[in-house]
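Biologist: I would like to go through this structure with you, a piece at a time. Please give your reasoning before each answer.

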Amino acid sequence: MQNIETAQGQAAFVRQRRMSSLNRILKYVLVRGLTLLVTVTIGVYLAILIANGGGYVDQMRIGQIREQVSLILAADQEMQFVTVQERRAIEESMIQTQIQQLGLDRPFAVRSFEYLWNGLTLNLGSADYLLSDSGSRQVRNILGERLGPTLLLMATGQLILFFSSLFLGLILSRSYGSFLDKFIIAMAPTSSAPAWFYGMFLILIFAALLGWLPFGGMVAAPPPEGTIARILSTLKHMILPVTAMVVSRIFSSAYSRRTFFLIYSSEDYVEMAKAKGLSDREIERRYVLRPTLPAIITSFMLVVIQLWVGAIVLETVFNWPGIGRLTQQAINMFDTPVIVATTVIYAYLLAVTVFLLDIIYSLVDPRVKLGGGGN
Amino acid sequence: MSKRKFGISFLVTILLLTMAFAVSAEEPRMATWVDEVIIVEEPSVTTAVSRLQAGDIDVYATTSSEPVPFATILSDPNLDYYQTFGSYSELTFNPVGPTFNDGRYNPFGNRKIREAMNMLIDREYIAQELYGGLALPKALMLNNAYVDYSRVVETARALEFKYAYDFEKAKDLITEQLLADGANLVNGKWHYDGQPIEILILARSEDQRAAVGDYVADQLEAIGFTTKVDYRTGTEASPIWMMGDPWLGEWHVYTGGWGAGAVYRDQGHLFNQMYTRRTMTQPLWQALEPIPELDEISDKLYYKNFTSMEERNALYSRALELAFEDSPRIYTVDQISYVARRADVSVASDLAQGVSSTALWPSTLRRGDEIGGTVTIGSAQVLVEPWNPVGGSNWTFDQLPMRATFDRGFISNPFTGNYMPHRIERIEVTVQEGLPVAKEPGSDWVELKFAEEIQVPGDAWLYWDGDQQRMITVAEKYPEGLTAPRHTVVYYREDLFDTVKWHDGSPYTVGDMLLPTILDWDRGFESSEIFDPAAQTSVQSAMNNARGWRIISLDPFVYEVWSTSWYIDAEQNIGDIFAPYYNYGAQPWHTLAIGVMAEAAGELAFTASKANALDVEWLGYNMGPSLPILDKHLDKAIETNYLPWAHFLSEYISEEEIAARYANAKAWYQEKGHFWIGNGPMYLEAVYPTERIVHLKRFEDYSEPADKWSMFDKPRIAEAEMFGAARVRAGEEIRFEVEITFEGEPYPLEHITEVKFIVLDATGAVAISGYGEPVADGLYEIVLTGEQTKALPIGSNTIEAIVLPSLVASATFSAHTFVTLP
C-alpha cells in the first residue's frame, strides 16, 4: 500500500514536474515571442522612419516629381502651341496624379503606420518605383527574382567559407606552432580588406589580363542553350565572386576558430581526459567540439540569415543580380515598400533564429534550461 | 577551230557567263550588316573599357564623361570613341533680394553682380582642370554643336569675348555694386549690417560639379566673401534650390546641369525656360524678375512670333545680350561625353546623346567590312521598365534595343537633327504666308508652299470622340469654318504595304495606323473602358488644338494633316502615322488589341500611373507577368475574332486579316516567349530579365538594304586651319586661306554650307564680318579689302573663320591673329 502511495506520489510529482516544465516552456515561448515581436516592430518602424528621413523624403519626392514633369513638358515642342494657362493645367494635373498615386497627399505619420502594419503582416504589396527584373511591381516578385541569385552566390561562398574555416581551425589547433599555423596567423590581417577589394584584383588578373574567366554577370551572353551548359556557365561566373568572398575572410576566420579551439583544448577537463589516456579524436569530439557547439551553431545560423542580405558592393563589382544591389537601389530611390520588405523579412528571420537558438542551446548543452532563469 | 578548242571555248564562255550571272544576281545585304546583337549590362564605365580591351564587348553605348577611362581609350590603339555634346553645366543664382526674409544680404539679388560673375569664373580652367579636358568652355546658353549657334555666330563670338575671364574687372564691378548696396569691406571680408556676407554654395556631389562648387567658393573668397559649400545629390538638393522658397536664403549659388535629348534645330524656346517665369512653375523660377525686354523677346521666340529668319536672328541676338545682363544663371561648360568602342567597330552615334538616341544604330553597326557575325554592346542598365508603345519605358537604356525593332516614316539625322524620309516618299508643306519656314538645299522630298490662308475642309476628321465612339469632323465642331497655319500632305512609298512586314510575318496594313490613333484618343475619355486619368488632360488639350486630318488614298497611302504647330525647318513640318508612338516603340494593331482587352479587363495597364492606381501590373510586351495575361486574352481574341472599335475599323481590317494576325501572334509567342513584335531591321529574339541580357537578331524580311544609311557611320565634323599674312598696312588688301579637312582629306565643297568670318579688335569687339569664297574642295578664301583694313584699329586683330558643314550641325572655328600697321 505504501509502495502504491509512493508510486502514485512519484507519478504525481513527475506529472507536476512535467506540468511545471510545460508551463515554464509555454511561458518562456510567450514572453520570448512577445519580446521578439516588440523588438521587430520597433526595429522595422525605426527603419521606416530612417528610410523616409522622418517624412522629409516626401518633400524630396514631390520635388523630384515637379522637376521631372516640368522638364518633360519643357522638352515637349508641342507645348509651344498651347497657352501658358493650358500648359500649367497639364503640368499640375500630371503632378497631382503622381502625388496621389504615391500617397504623398496623405500625412507621412499615417502612412508610416500603414507601412509598419503591411510589413509586419507580410502584406508586401507594390513598390513605389522599383520593378522586378521582369517588370513586375509586386514586391514579392521584386525580391523573389533576386533571392535565387543571392542565395546561390552567398550560400556557396559563405558555406565554403564557414566549413573550410572550421576544419582549417581544427587542423591548426592540432598543429599549434607549425608553419601552416604561423602562415595563417601572418595572413589574418589581410582579411581587413573586403571581398569586393579582392574581387577587383581577381577581375583584373583572370578576366582583363588572362581572359580565363568572365568579368561579371551570372551567365554568358547570350545564355547557352540546354540546362547543363547553362549550369556550367553559371558556375564559371561564380568562380571569381566566390573566390573573392572566401579569400577575403578565410585567414581571419580560420585564425579565430583555431584560437577558439585552442582555448577549449586547454581546459582542465581536457587535460583530465588526456591523463585518462583517451584518443586525440575522442578528446576532440567529446571535450573540445561538443562544448563549442552552441557557439558554432550560433555562428552558422547567423551565416544562414546573412545570406538573405546579400553583399551590396560585391554584387555591384561582379554585376551579380542579387538582393544587395536591389537594397541599395531601393535606398537610393527611397522606395519604402521594398526597404520595409527587406527589413521586415530580415528582422523576422533574425527573431526566429534567436528563438530557435535558445531551443537548440538547451538541446545541445545540458547546462542550459529553457526559461530557467539563467540556469 | 578544232572541235576540242571549240568545246573548251564553249565551256569557258559558259563558266564566265555563269560567274557573271552569279555576281549580278548577288542580293544586296538587307536590314543590318551584323546577324546578331547582344546587349549586356555593365554599370561601370571603367570596367566597360577593360571589357572593350579584352574584346568582351564591342561598344559601350552609355555616354560617359569620366576622364580616367577616357585616357585609357586614347592610349589603346584598339579602342576608339564617338563624341557627344548633349549635357552642359551652369551656375544658378538665387535672384531674390537685396535681402532675404531674415534680413541677410544677397549679393546675387543685384543683376550687375550676377552679370560680373560671368567674368569671375575661368571657364577654360573649369573645362581643362576640373573636367579633365572633357568639356568645352561655355558662356552662352547655346551649344555650338547645334545649328542655332551658327545662325547668330557674330553676336555669340562677340559676347564670348566680352564676358571672357577677367578677374580684376569682375572684382571691380562687384566691389562697386556691393558698396552701392551698403556693404563694406572689413579686414578683407565683405560685411553687411555688421555681419560677414556668407555665400552658401549648393554643389552637386555626384560629378565634377562638386569641384566646380569648390572653385566658385575660392573665387568668391578671393574677392572678399565668406563661403560655405554644401555638397548634395540631385535628389537632396532639389527641395532646397528648386522647390524651396528662395526668400528663405537657404542657398545662393547652385551648380546646376542640363541635358539635351536630341540635336536641337531650334533652341528659341530655351529663353523662356531659363530666364522667365513661364515654362517652369517652381518657386525659384517664380521669383525671377527678368528684364522686360528679355521677357518679351523670350516669349516671341517661344511662340515663334516672327516673320523672317532675319527677324528671328535679330531677336535671338538681342536675347543673348540681355541674358548676360540678367544672368539669373551663367553657363560654365558644355560637357564632352564619349561612347567607347573597339576601333574596328563602327556605328551611327547621335551628336547629342550617342548611340542609344539614333534609329540608325542597328543598320550602321558593323565590324570592319565584315558581313554577319555578332556584336556585343554594353549598357549601364538593361531592361529597366516594361516595353509597351502606349506608356511603356522611355528610358534611354530601353530605347537602345527598342529602336532596333521598329521602323519609321522618317529618320532624324543624328548629326544635324533634321528629318530624312524613310517610308515616306515625299511631303507637301503649305504654311501661312509670313512664317519663316525654309527647307534645306537638297531636300528634294519636301515641297514648300506658302498660302495667305489655309482653310481646313469640313469633312476632315478632327479627333476621335470616346464618348460617341466615332470620328468628329471639322464641320461638326467648327461649322463656321476653321483655318490652320500649316497643312502637310504626306505621300508614303508606293511599296509600303508590299514591303513592310511585322516580325511575326504579318504584312503592315492601314489598321496599324488607325488603331493606335484611336487608342490614343479613346483613353482620354472617362466613358472609355480603357480610360486613363493621366491621358485626360493632354487629350483635352489635343482636342482644343486639333485642326484635322484626312486620308486621301489608301493604297498608295496618302494623307493630309492640318496643324497649329509649325517649325522653321520645312522638313520637320511632317505628320507621320506610320509609327505613332515614336518614343515608346511600335506594335502591330493585333498586339495592341490584346493589350486593350487586358486593360479593359482590369488585369494590366498601359501606363505606370494607372497600374499603380489599380494595383495591377504595368503592361510589358517584352517580359514579365504581363505575358501570360496577354496570352490568355490572345486566346479569347482568337475565339471571338476580336477587333476593338470594330464599327469603325472593320471598314479597314477584314475578318481574314484579324484571324491571320492573331494566328501569327500565337505562333510568335509560342516560339519566342514574348509579344514584342516590331517591324524594324532587328527582332527581339529573347530577353533574360534577371541576367539583364537582350538578344536581337537581323530581320531577314526587312525591305531596306543595310547600306542605306552608311554615310552616318561617323560624324563628318570638319577640321579647319587658317593661313595668312601676319601684318597688313591699313588700306591694303589682305587674303586668308581656310583649309577644311576631314580625316586629312579635303572637305567636299558640296557639303560646306558656308564659311563665315569675323574680325575682332583688341577689345574683343566685332570690327568686320562677312563670308569666305569657295576655291576648291577643302579650300575657302577670305579677303579683307583695302577699305576694310583701313577701318580696322591699328594694332593686333584676330580673324576667325567659322565653317558650317551641311553634314553636321557642329560649326568649326579657326582663328588667325594679324597686326594692322599704320
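Biologist: Which residue with a positive phi follows α7(A)?

Modeller: This is a predicted model, so what I say describes a prediction. Helix α7 of chain A covers residues 195-209. After α7(A) comes a residue whose phi is positive, near 70 degrees, and that residue is A:Gly211.

Biologist: On which residue is the kink in α7(A) centred?

Modeller: From its first C-alpha to its last, α7(A) with its 15 residues reaches 20 Å, close to the 21 Å expected at 1.5 Å a residue. There is still a kink of about 30 degrees in α7(A). The residues of α7(A) that are buried include A:Leu202 and A:Ile203. The kink is centred on A:Ile203.

Biologist: Which helix of chain B helps to cover the buried residues of α7(A)?

Modeller: The buried residues of α7(A) are A:Ala195, A:Tyr198, A:Gly199, A:Leu202, A:Ile203 and A:Ala207. Their cover includes α8 (227-265) and α11 (312-317) of chain A. From chain B, the cover includes α2 (45-54).

Biologist: Which element gives the largest share of the side of chain B that touches chain A?

Modeller: The contact takes 46 residues from chain A and 58 residues from chain B. Among the elements that give two or more residues to the side of chain B are α2, β1 (36-41) and α20 (533-545). By class, this side has 23 nonpolar, 24 polar and 11 charged residues. The largest share, 6 residues, comes from α20(B).

Biologist: In the sheet with the order β5-β12-β4-β11-β9-β10 (chain B), which strands stand at the edges?

Modeller: This open sheet has 6 strands and mixed pairing. An edge strand has a single partner strand, so one side of it is left without a neighbour in the sheet. The strands at the edges are β5 (135-137) and β10 (226-232) of chain B.

Biologist: How many residues of β4(B) are buried?

Modeller: In a regular strand the side chains alternate between the two faces of the sheet. B:Ser87, B:Ser89, B:Leu91 and B:Phe93 point one way from β4(B), while B:Tyr88, B:Glu90 and B:Thr92 point the other way, and all are buried. β4(B) is therefore largely enclosed by the rest of the structure, and the number buried is 7 of the 7.

Biologist: What is the bridge partner of B:Glu90 in β12(B)?

Modeller: β4(B) pairs with β11(B) in the antiparallel sense over 7 bridges, and there the partner of B:Glu90 is B:Gly256. β4(B) also pairs with β12(B), again antiparallel, over 5 bridges. In β12(B), the bridge partner of B:Glu90 is B:Tyr331.

Biologist: Which residue of β10(B) stands opposite B:Glu198?

Modeller: Strand β9 of chain B covers residues 198-204 and pairs with β10(B) in the parallel sense over 7 bridges. Helix α9 (residues 209-222) of chain B lies across several strands, including β9 and β10, at about 165 degrees to β9(B). Opposite B:Glu198 in β10(B) stands B:Thr226.

Biologist: In β37(B), which residue is the bridge partner of B:Val759?

Modeller: The open sheet of 5 strands in chain B has the order β33-β41-β40-β36-β37. In this sheet β37 (766-771) is one of the edge strands. It is joined to β36(B) by 5 bridges, and the two run antiparallel. The bridge partner of B:Val759 is B:Ile768.

Note on methods. Residues are numbered from 1 along each chain as its sequence is written. Chains are lettered from A and ligands numbered from 1 in the order in which they are written. This is a predicted model: local features need pLDDT of at least 70, side-chain atom pairs count only at pLDDT 80 or more; totals for chains, interfaces and linings use all residues. Helices (H or I, at least four residues) and strands (E, at least two) are DSSP runs, numbered from the N terminus. The expected span of a helix is 1.5 Å times one less than its number of residues. The bend at a residue is the angle between axes fitted to the seven residues ending there and the seven starting there. A residue is buried if 20 or more other C-beta atoms lie within 10 Å of its own, exposed if 12 or fewer, and partly exposed in between; C-beta atoms are placed from the backbone. Two residues are in contact if their C-beta atoms, placed from the backbone, lie within 7 Å. Ala, Val, Leu, Ile, Met, Phe, Trp, Tyr, Cys and Pro count as nonpolar, Asp, Glu, Lys and Arg as charged, and the others, Gly among them, as polar. Two strands pair if DSSP finds at least two bridges between them. Axes are lines fitted to C-alpha atoms, for helices over the stretch in contact, and angles run from 0 to 180 degrees between N-to-C directions.
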